[in-house]
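Me: Hey, can you walk me through this one? I'd like to see how its helices fit together.
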Amino acid sequence: MPRASREVETRREPSVFIRSLYGRPGFLLWRAHHIAVSVFNDECDDLGITSPQYGALCVVREIPGVDQGGVSRLAGLDRFTTALVLANLRKRRLIVRERDVDDRRRYSFRISPRGLALLRRVRKRADRGRDRLLSPFTPRERKTLIALLTRLVVALNKDARARIDETALPRMRRSGRAG
């Protein structure tokens with residue numbers, strides 16, 4: 001077989017696999033995630049904040065006194081990423097770390113005035129990014145998409161490497177660990 005024919009044949013063959021790849025839910029969710037991150041970065045890049053930092057900052061704002069594990073469980077971040085994110089937020093003086101008075105081994109976090117000001121600025125841009133991300137859909141489709149993604153995330157949360165544990169919120173409040 002001439003070389004040119006093999007090249008054409010080789011180029012056609014993967015298209016079946018590519019089409020198969022493009023139809024896989026995991027691939028589509030992965031691409032959608034990358035697009036969502038790109039849109040967030042596009043909206044917020046000049047503020048110097050990433051979407052994991054935004055999530056952690058939201059948790060710390062909502063739950064003053066939350067510890068690193070609580071941020072991890074509520075933001076759905078793995079422990080390593082949470083440690084890096086919180087260290088970066090502390091370094092930029094967006095959050096404050098305090099030693100727990102009852103448990104000297106434990107540190108808790110609260111948002112700083114500087115962090116609160118940044119969060120207010122990011123919120124508007126994050127909302128604009130959300131609107132961009134959902135722009136291909138009608139209002140009804142948007143509700144449906146969010147409902148379906150929520151069902152997927154809730155149903156398969158136990159399979160995630162970094163699970164979201166919303167039960168941590170009431171537990172932290174009962175134990176006095178959150179504001």
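Reply: Sure. One idea before we start: a helix axis here is a line fitted to the C-alpha atoms over the stretch in contact, and angles between axes run from 0 to 180 degrees between N-to-C directions. Also keep in mind that this is a predicted model.

Me: Okay, so at what angle do H3 and H4 pack?
Reply: About 115 degrees, and their axes are 9 Å apart. On the H3 side the contact is made by Gly55, Ala56, Val59 and Val60, and on the H4 side by Val71, Leu74 and Ala75.

Me: Is that crossing left-handed or right-handed?
Reply: H3 passes H4 in a right-handed crossing.

Me: Which residues of H4 are buried?
Reply: H4 covers residues 68-75, and its Gly70, Val71, Ser72 and Leu74 are buried. Val71 and Leu74 are also among the residues that touch H3.

Me: And what happens just after H4?
Reply: Glycine 76 sits there, with a positive phi of about 70 degrees.

Me: Back to H3. How does it cross H6?
Reply: The axes of H3 (residues 51-62) and H6 come within 11 Å, crossing at roughly 125 degrees. That makes H3 oblique to H6.

Me: Why oblique?
Reply: Because 65 to 115 degrees counts as roughly perpendicular and over 145 as roughly antiparallel, an angle that falls between those ranges is called oblique. As for the handedness, H3 passes H6 in a left-handed crossing.

Me: Which residues meet there?
Reply: From H3 you have Tyr54, Leu57, Cys58 and Arg61. Their partners in H6 are Gly115, Leu116, Leu119, Val122, Arg123 and Ala126.

Me: Arg61 has a charge to place. Which residue forms a salt bridge with arginine 61?
Reply: Glutamate 62 does, with the closest N and O atoms 2.9 Å apart. Arginine 61 is partly exposed at 39% relative accessibility, and glutamate 62 is partly exposed too, at 49%.

Me: How many salt bridges does the structure hold?
Reply: It holds 15. Arginine 130 is a nice one to look at: its side chain meets aspartate 127 at 3.3 Å, N to O, and also aspartate 131 at 3.4 Å.

Me: Where do arginine 130 and aspartate 127 lie?
Reply: Both are in H6 (residues 113-134), three residues apart, which is about one turn of the helix. As a rule, an α-helix has 3.6 residues a turn, so residues three or four places apart point the same way.

Me: Buried or exposed, what's the story for arginine 130 and aspartate 127?
Reply: Somewhere in between. Arginine 130 counts as partly exposed at 43%, and aspartate 127 is partly exposed with 24%. Aspartate 131 is partly exposed as well, at 41%. Elsewhere, salt bridges that share partners join Asp42, Glu43, Arg128 and Arg132 into one network.

Me: Glu43 is in that network. Where does glutamate 43 lie?
Reply: In helix H2. Glutamate 43 has a relative accessible area of 9%, so it is buried. Leaving out residues up to four places away in sequence, glutamate 43 touches Arg125, Arg128, Gly129 and Arg132.

Me: What else is buried in H2?
Reply: Besides Glu43, the buried residues of H2 are Phe27, Val39, Phe40 and Cys44.

Me: Last one: how many residues does H2 have?
Reply: H2 has 20 residues, running from 25 to 44. H2 reaches 28 Å from its first C-alpha to its last, close to the 28 Å expected at 1.5 Å a residue.

Terms used. Residues numbered from 1 in each chain as written. Predicted model: local features only at pLDDT ≥ 70, side-chain atom pairs only at ≥ 80, totals over all residues. Heavy atoms only, no water. Buried < 20%, exposed > 50% of the residue type's maximum accessible area, 1.4 Å probe, protein only. Helix = DSSP H or I, 4+ residues; strand = E, 2+ residues; numbered from the N terminus. Expected span 1.5 Å × (residues − 1). Salt bridge = Lys/Arg side-chain N within 4 Å of Asp/Glu carboxyl O. Parallel < 35°, antiparallel > 145°, perpendicular 65-115°, else oblique. Left-handed = near helix turned anticlockwise from the far one by under 90°. Contact = heavy atoms within 4.5 Å.
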